[in-house]
Amino acid sequence: MTAPHAPFRTPVTLRWSDLDALNHVNNARYLTFLEQARIEWLQGIGDAWVSDEAGPVVASATLNFKAPITYPADIFVELFAEKLGTSSVVIGHRIVAADGTLHCDGQVVVVWIDRRSGRPTPLPDGVRRAAETLLPA
């Protein structure tokens, strides 16, 4: 999976606790990095994206591990939209090093749900507009 462009990019600060005994970033931490990037993107859209009535949940996550991340490293998460639905957005992602090494790619499906019923609810307008800017040209 190659991002045609990556309109949202954020640095990841590696912590000692991210590492395993081989000095590699533990694979489970990649999900944390992706979650943090999504939250940073959502907080930066300028509109409400979560409320007492509705909020996002991860419906699925796919990670394709390409190369281990060893400490120390300058790492970035890149996000882009692959598909917009009525209540969901498919967010493509890449974890890359400053030197261009691709460490991971994949996608996460995020669905907005009604908190009381647990059923899908339409994407907030601000999320839809922001995700449209992440779609490939």
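In which loop does K66 lie? K66 lies in the loop between strand 2 and strand 3. This report describes that loop, the rest of the chain and the core.

## Basis of the model

The structure is a predicted model, in which local features need pLDDT of at least 70 and side-chain atom pairs count only at pLDDT 80 or more, while totals for chains, interfaces and linings use all residues. Residues are numbered from 1 along each chain as its sequence is written, and side-chain values use heavy atoms, with hydrogens and water left out.

## Overall architecture

The chain contains two helices and five strands. These elements are DSSP runs numbered from the N terminus, a helix being H or I with at least four residues and a strand being E with at least two. Read from the N terminus, their order is β-α-β-β-β-β-α.

The radius of gyration of the chain is 15 Å, which agrees with the value near 14 Å for a compact globule of 137 residues. This radius is taken over C-alpha atoms, and the globule rule is 2.2 Å times the number of residues to the power 0.38. Along the principal axes, the C-alpha atoms fill a box of roughly 45 × 35 × 25 Å.

## Contacts, surface and charge

A contact means heavy atoms within 4.5 Å. Among the contacts in the chain with a separation of 6 or more, 65% are accounted for by residues 24 or more positions apart.

Of the 137 residues, 40% count as buried. Buried means under 20% relative accessible area, exposed means over 50%, and partly exposed lies in between (1.4 Å probe, protein chains only). The chain exposes about 7,400 Å², and carbon and sulfur atoms supply 50% of this area. Such areas come from the Shrake-Rupley method with a 1.4 Å probe; for residues, only the protein chains shown count as cover.

The chain carries 12 positive and 15 negative charges, and the mean positions of the two groups are 5 Å apart. Lys and Arg count as positive and Asp and Glu as negative, without His and the chain ends. Each charge is placed at NZ of Lys, CZ of Arg, CG of Asp or CD of Glu.

## The nonpolar core

The largest nonpolar core has 32 residues, and W41, V77 and I95 have the most contacts inside it. At least two residues of this core come from each of strand 1 (8-12), helix 1 (27-43), strand 3 (75-84), strand 4 (88-97), strand 5 (102-114) and helix 2 (125-134). Helix 1 provides the largest share, six residues. A nonpolar core is a set of buried Ala, Val, Leu, Ile, Met, Phe, Trp, Tyr and Cys residues joined through side-chain atoms within 4.5 Å.

Leaving out residues up to four places away in sequence, W41 touches F8, L79, I91, V127, A130, A131 and L134.

## The loop between strand 2 and strand 3

Besides K66, the loop between strand 2 (54-65) and strand 3 holds P72, and D74 lies there as well. Beyond its neighbours within four places in sequence, K66 is in contact with L102, H103, C104 and D105. The C-alpha atoms of K66 and R9, 57 residues apart along the chain, are separated by 19 Å.

A cis peptide bond, with omega about -5°, joins Y71 and P72. P72 is exposed, since its relative accessible area is 66%. P72 and W16 are 56 residues apart in sequence, and their C-alpha atoms are 9.3 Å apart in space.

D74 is also exposed, with a relative accessible area of 56%. Not counting residues up to four places away in sequence, D74 touches V96, A97 and A98. The C-alpha atoms of D74 and L14 are separated by 8.1 Å, although these residues are 60 residues apart along the chain.

## The loop between strand 1 and helix 1

D18 lies in the loop between strand 1 and helix 1. Is D18 buried or exposed? D18 is buried, because its relative accessible area is 0%. Apart from residues up to four places away in sequence, D18 touches T13, H24, V25, N26, R29 and F33. D18 and T121 are 103 residues apart in sequence and 35 Å apart in space, C-alpha to C-alpha.

N23 is found in the loop between strand 1 and helix 1. N23 counts as partly exposed, because its relative accessibility is 29%. Phi of N23 is near 70°, a positive value in a residue other than glycine.
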